[in-house]
Amino acid sequence: MYFEEFEVGQEFRHALTRTVTEMDNTMFSLLTLNPQPLHIDAHFAEKTEFGQRIFN
């Protein structure tokens with residue numbers, strides 16, 4: 001699908017499921033060389049509107 005074909009609220013069901021963890025976010029940030037503190041710094045992120053780190 002192209003980006004324009006996606007709709008808000010659209011769901012894709014799949015037989016295999018997995019919970020995304022904090023470690024997944026940390027590892028993805030490291031692998032992509034993403035230094036954004038909102039993704040990797042808990043102290044910084046708690047002072048933002050989100051109150052915690054957000055996933056990439």
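**Overall dimensions and the environment of helix α1**

The accessible surface of the chain amounts to about 5,300 Å², and 59% of this area belongs to carbon and sulfur atoms. The model is a predicted one, and its secondary structure consists of 3 helices and 0 strands, arranged in the order α-α-α from the N terminus on. The radius of gyration of the chain is 15 Å, whereas a value near 10 Å would be expected for a compact globule of 56 residues; the C-alpha trace spans about 35 × 25 × 20 Å along its principal axes. Of the 56 residues, 12% count as buried, and among the contacts with a separation of 6 or more, 24% are accounted for by residues 24 or more positions apart. With respect to charge, the chain carries 4 positive and 9 negative side chains, the centres of the two sets lying 9 Å apart.

Helix α1 comprises residues 22-31, and its buried residues are Asp24, Asn25 and Ser29. These residues lie on the same side of α1, because the arc that they cover around the axis is only 130 degrees. An α-helix has 3.6 residues a turn, so residues three or four places apart point the same way. On the other side of α1, Leu30 and Leu31 are exposed, while the cover over the buried residues of α1 includes α2, which is formed by residues 37-40. After α1 comes Leu33, for which phi is positive, with a value near 55 degrees.

Conventions. Residues are numbered from 1 along each chain as its sequence is written. This is a predicted model: local features need pLDDT of at least 70, side-chain atom pairs count only at pLDDT 80 or more; totals for chains, interfaces and linings use all residues. Side-chain values use heavy atoms; hydrogens and water are left out. Helices (H or I, at least four residues) and strands (E, at least two) are DSSP runs, numbered from the N terminus. The radius of gyration is taken over C-alpha atoms; the globule rule is 2.2 Å times the number of residues to the power 0.38. Buried means under 20% relative accessible area, exposed over 50%, partly exposed in between (1.4 Å probe, protein chains only). Contact means heavy atoms within 4.5 Å. Accessible areas come from the Shrake-Rupley method with a 1.4 Å probe; for residues, only the protein chains shown count as cover. Lys and Arg count as positive and Asp and Glu as negative; His and the chain ends are not counted. The place of a charge is taken as NZ of Lys, CZ of Arg, CG of Asp or CD of Glu. The arc is that of the directions from the helix axis to the C-beta atoms.
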